[in-house]
Amino acid sequence: MLVAMVNLDKWNALPKYYQNVLEQAGHYANNWMMAKYDAVNPMALRKLLASGAKLHAFPPTVMEASLKAAKELHAEVAATNANFKKVYESLTAFSNNGYQWFQVAEVGYDNFMARHSQS
C-alpha cells in the first residue's frame, strides 16, 4: 500500500477538483504498484530459485524477538513524538482489525492453494 502525507491546511486550500485529481492519482499509483508487484515477483522468485537460492521462513523465535524490538522502539518514539503516536495508534488499530478479516477471508484459501500448487 502506498502512503502519501499532505499538510492539512494546504490540502484544504486546494480546490475540490485538485483534491479529487490527487486522490485519483493516488488510487491509480497504488493499484499500478500492487499489480506490478503481483505480476513480476513470481518470475523474480523463480529466477532466484533456479539460480540455487533456498527459501526459509524466519524461525518463530526470530519473529517474536523482531516484533518485541519493533514494539519497544515504537513505544519509545511515541513517548516523545505526539504526531508519531497518533499515526501509530491509528495504524495499529486499523491493522489489528484487518488481521482478523484476512485470517477468515484469505489465509485459509492461500494456504490451501499453496499446498495444491506443488502437486
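Start by selecting Tyr17: at 59% relative accessibility, this residue counts as exposed, because the cut-off for exposed is over 50%. Keep in mind as you click around that this is a predicted model.

Now add Tyr18 to your selection. Tyr18 is partly exposed, with a relative accessible area of 47%. How many aromatic pairs does a search of the whole structure find? The answer is two. Tyr17 and Tyr18 make up one of them, and their rings sit edge-to-face, with 5.7 Å from centre to centre and 65 degrees between the planes. Turn the view until you can see both rings.

For the other pair, jump to Phe84 and Tyr88. Here the rings are stacked: the centres are 5.6 Å apart and the planes differ by 10 degrees. Where are these two residues relative to each other along the chain? They are four residues apart in helix α4 (residues 82-117), so about one helical turn separates them. In general, an α-helix has 3.6 residues a turn, so residues three or four places apart point the same way. Check the surface too: Phe84 is partly exposed, with a relative accessible area of 26%, and Tyr88 is also partly exposed, at 24%.

Stay with α4 and look at its two landmarks. At the N-terminal end, select Asn81, which caps the helix: one of its side-chain oxygens lies 3.1 Å from the backbone nitrogen of Asn83. Then slide along to Phe102, where you'll find the centre of a kink of about 50 degrees in α4.

Next stop: Gln19, in helix α2 (residues 16-50). Is Gln19 buried or exposed? Gln19 has 6% relative accessibility, so this residue counts as buried; the cut-off for buried is under 20%. What does Gln19 touch, leaving out residues up to four places away in sequence? Show Trp11, Asn12 and Leu14, and you have the answer. Zoom in on Trp11 in particular: its backbone oxygen is 2.6 Å from a polar atom of the Gln19 side chain.

Finish by selecting Ala29, which also lies in helix α2. Ala29 is partly exposed, with a relative accessible area of 30%. Add Leu2 and draw a line from C-alpha to C-alpha. The two residues are 27 apart in sequence, and that line spans 7.8 Å in space.

Note on methods:
Residues numbered from 1 in each chain as written. Predicted model: local features only at pLDDT ≥ 70, side-chain atom pairs only at ≥ 80, totals over all residues. Heavy atoms only, no water. Buried < 20%, exposed > 50% of the residue type's maximum accessible area, 1.4 Å probe, protein only. Polar contact = N/O pair within 3.5 Å; in protein donor to acceptor, adjacent residues only side chain to side chain. Contact = heavy atoms within 4.5 Å. Phe/Tyr/Trp six-rings, centres within 6.5 Å; stacked < 30°, edge-to-face > 60°. Bend = angle between axes of the 7 residues up to and from the residue.
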